[in-house]
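Reader: I would like a close look at one part of this model, the surroundings of the ligands and the cysteines there.

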Amino acid sequence: MEKHKISEADRIEASNLMEEASDILDSCIKCGMCKSLCPVFKTLKEERVSARGKAIILSDKIMNKVVFECTLCKGCEQKCPLGIKVCDAIRKAREAMVLKGKGLKSNEEMIDNIRKTGNPFGKNIGNDPEKLYCC
Ligand code: SF4
Ligand code: SF4
């Protein structure tokens, strides 16, 4: 797989995006009400994957792969008494991490496979649209 070269422009953009993500989450009062509807928290039972956990990490502008552990379902936003746009912050942090070459290897492989074969798993399905692959 071709290694993504990080330009100065990418670095600046990534830094700006992390700043924006942090600003969005700045007003979080850490009440934890967002946890009740979070499917990832319900499954993993780990505070760090909840919106509150992510808000703590992102408000310090820390790039952490936990931002990829989110379905972007907005359940947390429904429950948040302050109406914080958690998903906007998560999207910005993901974009920043990809720009800095800190995205998920599995995602990079999937994109590479789609570009080369049209299939996320890298198997050439030719012109047969009926042949779908699923995980
Ligand atoms: S519900 Fe909103 S304010 Fe409360 S912890 Fe979650 S994100 Fe922060
Ligand atoms: S958007 Fe992410 S953090 Fe918020 S409830 Fe859904 S999975 Fe959890």
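How many disulfides does the structure hold?

Author: The structure holds zero disulfides, a disulfide being a pair of cysteine sulfur atoms within 2.5 Å. This is a predicted model, in which local features need pLDDT of at least 70, side-chain atom pairs count only at pLDDT 80 or more, and totals for chains, interfaces and linings use all residues. Residues are numbered from 1 along each chain as its sequence is written, chains are lettered from A and ligands numbered from 1 in the order in which they are written, and side-chain values use heavy atoms, with hydrogens and water left out.

Cys 87 is in no disulfide; the nearest cysteine sulfur belongs to Cys 76 and is 5.0 Å away. Cys 87 is buried, at 1% relative accessibility; buried means under 20% relative accessible area, exposed over 50%, and partly exposed in between, for a 1.4 Å probe and protein chains only.

Both Cys 76 and Cys 87 are among the residues around ligand 2, as are Cys 38, Cys 70 and Cys 73; a residue counts as near a molecule if one of its heavy atoms lies within 4 Å of it. The shell around ligand 2 has eight nonpolar, two polar and two charged residues. Here Ala, Val, Leu, Ile, Met, Phe, Trp, Tyr, Cys and Pro count as nonpolar, Asp, Glu, Lys and Arg as charged, and the others, Gly among them, as polar.

Around ligand 1 the residues include Cys 28, Cys 31, Cys 34 and Cys 80. Cys 80 is buried too, with a relative accessible area of 18%. The shell around ligand 1 divides into seven nonpolar, one polar and two charged residues.
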